[in-house]
Amino acid sequence: METGSPETAGETRGEPHDEPHDEPVWRGLPRDLLRMRRLLLMVWLVPLALGAGLLPGLLAGPAWAAFALLPLGLLLWGWRMLGRNWASWRYAERADDLLISKGVLWREETIVPYGRMQLVEVTSGPVARHFGLASVQLHTAAAASDALIPGLEPAEAERLRDRLTELGQARSAGL
């Protein structure tokens, strides 16, 4: 009975291979990003729930206050979805490229070769700054391959920007 190729058999026994493994070391996003997004969800939906419940309740009767349940249901659903989305984001720096993985239902993995990067930006809006967060935006020659890593701590965003810029310049010098 055949058990498979020698490579497969070696994997099952845990024997090392001749080929080096370039396993990425994945990093997730800071929990502050999740806190910020959930707070923004509450800022929008709690007043909407109050308005949807109070206004019809006062004008048309208490039964109409049930309209507040719709925004509250959206708040509960959004709370869970934001958590799942946050947990799905990760990135990894490899020798020749940067990997970005995201998505719950539709999983998306972007590979950006260092030599193709033209610009690496660190941005932080007022709300993100309040939470101590910044985003790293990668621009390449092909607009469709631009990539974003949201909600990093500013020190990590700057470190990543400097490293990616350095690696991008070193890899593109040979092109």
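This is a short tour of the structure above, one selection at a time.

**Before you start**

You are looking at a predicted model, in which local features need pLDDT of at least 70 and side-chain atom pairs count only at pLDDT 80 or more, while totals for chains, interfaces and linings use all residues. Residues are numbered from 1 along each chain as its sequence is written, and side-chain values use heavy atoms, leaving out hydrogens and water.

**Stop 1: the whole chain**

Show the chain as a cartoon. It has five helices and seven strands; these are DSSP runs numbered from the N terminus, with helices being H or I of at least four residues and strands being E of at least two. Following the sequence, you will meet them in the pattern α-β-α-α-β-β-β-β-α-β-β-α.

Now switch on the surface. The accessible surface comes to about 11,600 Å² (Shrake-Rupley method with a 1.4 Å probe; for residues, only the protein chains shown count as cover). Carbon and sulfur atoms account for 61% of that surface. Of the 175 residues, 33% are buried. Here, buried means under 20% relative accessible area, exposed means over 50%, and partly exposed lies in between (1.4 Å probe, protein chains only).

**Stop 2: a three-stranded sheet**

Select residues 117-123, 134-140 and 147-152. These are strands S5, S6 and S7, and they form an open sheet in the order S5-S6-S7 with antiparallel pairing. Two strands pair if DSSP finds at least two bridges between them. In general, strands of a sheet pair through backbone hydrogen bonds, either parallel or antiparallel.

Which strands are at the edges? They are S5 and S7, each of which pairs on one side only. From one strand to the next, the twist averages 15° (axes are lines fitted to C-alpha atoms, for helices over the stretch in contact, and angles run from 0 to 180 degrees between N-to-C directions).

Zoom in on S6 and S7, which pair over four bridges. Pick alanine 134 and look across to S7: its bridge partner there is leucine 152.

**Stop 3: a hairpin**

Next, select residues 97-102 (strand S3) and 108-113 (strand S4). These strands run antiparallel and are joined by six bridges. Lysine 102 has glutamate 108 of S4 as its bridge partner. The hairpin has five residues between its strands, and glycine 103 takes a positive phi near 110°.

**Stop 4: a network of charges**

Show the side chains of Arg27, Glu93, Glu156, Arg159 and Arg163, which are linked in a network of salt bridges. A salt bridge is a side-chain nitrogen of Lys or Arg within 4 Å of a carboxyl oxygen of Asp or Glu. By this rule, the count comes to eight salt bridges.

Start with arginine 27 and glutamate 156, whose closest N and O atoms are 3.0 Å apart. This pair links distant parts of the chain, since arginine 27 is in strand S1 (residues 27-28) and glutamate 156 is in helix H5 (residues 154-172), 129 residues apart. Is each partner buried or partly exposed? Arginine 27 counts as partly exposed because its relative accessibility is 36%, whereas glutamate 156 is buried, at 17%.

Move on to glutamate 93 and arginine 159, which meet in a salt bridge of 2.7 Å, N to O. This pair also links distant parts of the chain: glutamate 93 is in strand S2 (residues 90-93) and arginine 159 is in helix H5, 66 residues apart. Glutamate 93 counts as buried because its relative accessibility is 18%; arginine 159, at 30%, is partly exposed.

Arginine 159 also forms a salt bridge with glutamate 156, with the closest N and O atoms 2.9 Å apart. Both lie in helix H5, three residues apart, which is about one turn of the helix.

**Stop 5: where helix H5 meets two valines**

Stay in helix H5 and pick arginine 161. It touches Val120 and Val122, not counting residues up to four places away in sequence (contact means heavy atoms within 4.5 Å). The C-alpha atoms of arginine 161 and valine 120 are separated by 5.9 Å, although the two are 41 residues apart along the chain. Arginine 161 counts as partly exposed because its relative accessibility is 28%.

**Stop 6: a nonpolar patch**

Finally, select Met42, Val46, Leu50, Leu54, Leu55, Leu58, Leu59 and Trp79, a nonpolar patch on the surface with about 830 Å² of accessible area together. Patches are made of residues with over 30% relative accessible area and no salt bridge, joining like charges within 9 Å and nonpolar side chains (Val, Leu, Ile, Met, Phe, Trp, Tyr) within 5 Å. Helix H2 (residues 31-60) gives the most, with seven residues. One residue in helix H2 is leucine 59, which counts as exposed because its relative accessibility is 71%.
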